[in-house]
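Q: I am new to this structure and would like a close, patient look at one part of it, with enough of the surroundings explained for that part to make sense. Please start from the part itself and work outwards.

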Amino acid sequence: MTIRVNNIRISLDDSLDRVLDMACKMAQVSKKDIWDYKILKESIDARRKNKIDLVYQVEFKCNNESRVVARANSKDVLLDSTNIDENFNFGNEKLSKRPIIVGTGPAGLFAGLVLAKTVTDQLFWKEVQVLKKN
Ligand SMILES: Cc1cc2nc3c(=O)[nH]c(=O)nc-3n(C[C@H](O)[C@H](O)[C@H](O)COP(=O)(O)OP(=O)(O)OC[C@H]3O[C@@H](n4cnc5c(N)ncnc54)[C@H](O)[C@@H]3O)c2cc1C
């Protein structure tokens, strides 16, 4: 079981150490009490030009995880036993048609990347087609 902390915001000038400091603060645990700390996600929130943030999701282990999460009492501090490694369950039925991804936003491009990496004898990367508007 791990603790996952979402929505950790740091500024562009902050060092990466600040992510762990913030995670500890949000979960109300001391840095020395945590182990297996891992950054799961890093994104940029550039919606406000005068305040661009880096936003992180991290996970870590510590003692009494359920108690820590209950005490933190925050929607951003969660108990998690699921493994979010990129394990996608692909079907094993042969496709009768080539897959088409509509839209080249982040979701469409990521779907294309995942499909392209999943090269099997029935699907080659060049057969993945991403349709862009216009
Ligand atoms: C003003 C603004 C600022 C933002 N800033 C940030 C930020 O700083 N950081 C951040 O993490 N997120 C930001 N977001 C959110 C981020 O843009 C979205 O979460 C993300 O784009 C969603 O990705 P998506 O692939 O699901 O959808 P989209 O990015 O919307 O992609 C869908 C794509 O499909 C295309 N499409 C739709 N219909 C068709 C069709 N019929 N045929 C072909 N193509 C089609 C669209 O043109 C589009 O390119 C911002 C959003 C907005 C609106």
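How many bridges join E2 to E3, and in which sense do these strands run?

A: The model is a predicted one, and what follows should be read with that in mind. Strand E2 covers residues 34-45, and nine bridges join E2 to E3, the two strands running antiparallel. A pair that can be picked out in this ladder is Ile39, which stands opposite Val58 in E3.

To see where this pairing sits, it helps to look at the whole sheet. Four strands make up an open sheet whose order is E2-E3-E1-E4, with antiparallel pairing. E2 and E4 stand at the edges and have a single partner strand each, so one side of each is left without a neighbour in the sheet. From one strand to the next, the twist averages 25°.

E3, the partner of E2, consists of residues 53-62, and on its other pairing it meets E1 in the antiparallel sense over seven bridges. One place to find this second ladder is at Ser11, which stands opposite Asp53 in E3. E1, residues 2-11, pairs in turn with E4, residues 77-80, again in the antiparallel sense, here over four bridges. Within that pairing, the bridge partner of Val5 in E4 is Val77, while the bridge partner of Thr2 in E4 is Asp80.

Two helices lie against these strands. Helix H1, residues 17-27, lies across E1, E2, E3 and E4, and runs at about 125° to E1. Helix H2, residues 65-72, also packs on the sheet, where it touches E1, E3 and E4, and its direction makes about 155° with that of E4.

Although E2 is among the strands that H1 lies across, burial gives a plain result for this strand: of the 12 residues of E2, the number buried is zero, so the strand lies largely in the open. For the chain as a whole, 10% of its 134 residues count as buried.

The loops around these elements add some detail. Gln28 has its place in the loop between H1 and E2, and its phi is near 55°, a positive value in a residue other than glycine. Most residues other than glycine have a negative phi. Gln28 counts as partly exposed, because it has 13 C-beta neighbours inside 10 Å. Asn73, in the loop between H2 and E4, likewise has a positive phi, near 50°, and is a residue other than glycine. With 8 other C-beta atoms within 10 Å, Asn73 is exposed.

Leu12 belongs to the loop between E1 and H1, and its 10 C-beta neighbours inside 10 Å are why it counts as exposed. Even so, once residues up to four places away in sequence are set aside, Leu12 touches Ile52 and Leu54. Leu12 also relates to Ile44, which is 32 residues away in sequence and 9.3 Å away in space, C-alpha to C-alpha.

E2 also has a part in the surroundings of the ligand. The ligand is surrounded by 15 residues, of which the closest are Ala46, Gly103, Gly105, Ala107 and Lys133. E2 and helix H3, residues 106-117, each supply at least two residues of this shell. The shell draws at least three residues from domain 1 (2-80) and at least three from domain 2 (100-131). By class, the shell holds six nonpolar, five polar and four charged residues.

Finally, the part can be set in the chain as a whole. The secondary structure comes to three helices and six strands, and along the sequence these follow the pattern β-α-β-β-α-β-β-α-β. Among the contacts between residues at least 6 apart in sequence, 58% join residues at least 24 apart.

Note on methods: Residues numbered from 1 in each chain as written. Predicted model: local features only at pLDDT ≥ 70, side-chain atom pairs only at ≥ 80, totals over all residues. Near = placed C-beta within 6 Å. Nonpolar A, V, L, I, M, F, W, Y, C, P; charged D, E, K, R; others polar. Domains from an automatic or database assignment. Pairing = 2+ DSSP bridges. Buried ≥ 20, exposed ≤ 12 C-beta atoms within 10 Å, placed from the backbone. Contact = placed C-beta atoms within 7 Å. Axes fitted to C-alpha atoms, helices over the stretch in contact; angles between N-to-C directions.
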